[in-house]
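Visitor: Hello! Could you pick out a single part of this chain and take me through it closely, step by step?

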Amino acid sequence: MPGLTHVTTTINGSQSDFLCEPRQSLLEVLRDVLGMTGTKEGCSVGICGACTVLIDGEMAASCITLAAAVDGADSGWS
């Protein structure tokens, strides 16, 4: 089993560091690891838009975005 991945990112203007599984979705990390429950789960396949977040100014479905992919990104979500 792969180890945890260390991610450093900016969330709503503040630097945030967390550990995640390499295959863990950004939605899971936001809600379950960081306690940011403002982002909601809807369809789990990136179609409905309920989990939409901004990553470097671009909209992304957090349910299908790997949390490790936001390392170094400037993200806006709550």
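Guide: Happily; here is a walk through one hairpin, followed by the chain around it.

This is a predicted model, in which local features need pLDDT of at least 70 and side-chain atom pairs count only at pLDDT 80 or more, while totals for chains, interfaces and linings use all residues. Residues are numbered from 1 along each chain as its sequence is written, and side-chain values use heavy atoms, with hydrogens and water left out.

Let's start with strand β1, residues 5–11, and strand β2, residues 14–20, which run antiparallel and are joined by seven bridges. Strands here are DSSP runs of E with at least two residues, helices are runs of H or I with at least four, and both are numbered from the N terminus. Two strands pair if DSSP finds at least two bridges between them. Across this pairing, T10 faces Q15 in β2. Together β1 and β2 make a hairpin with two residues between them, and in the turn N12 has a positive phi of about 50°.

Now step back to see where the hairpin sits. Along the sequence the order is β-β-α-β-β-β, giving one helix and five strands. The C-alpha atoms fill a box of roughly 30 × 30 × 20 Å along the principal axes. Of the 78 residues, 33% are buried, meaning under 20% relative accessible area with a 1.4 Å probe, counting protein chains only. Finally, take contacts (heavy atoms within 4.5 Å): among those with a separation of 6 or more, 43% come from residues 24 or more positions apart.

Technical notes
Buried means under 20% relative accessible area, exposed over 50%, partly exposed in between (1.4 Å probe, protein chains only).
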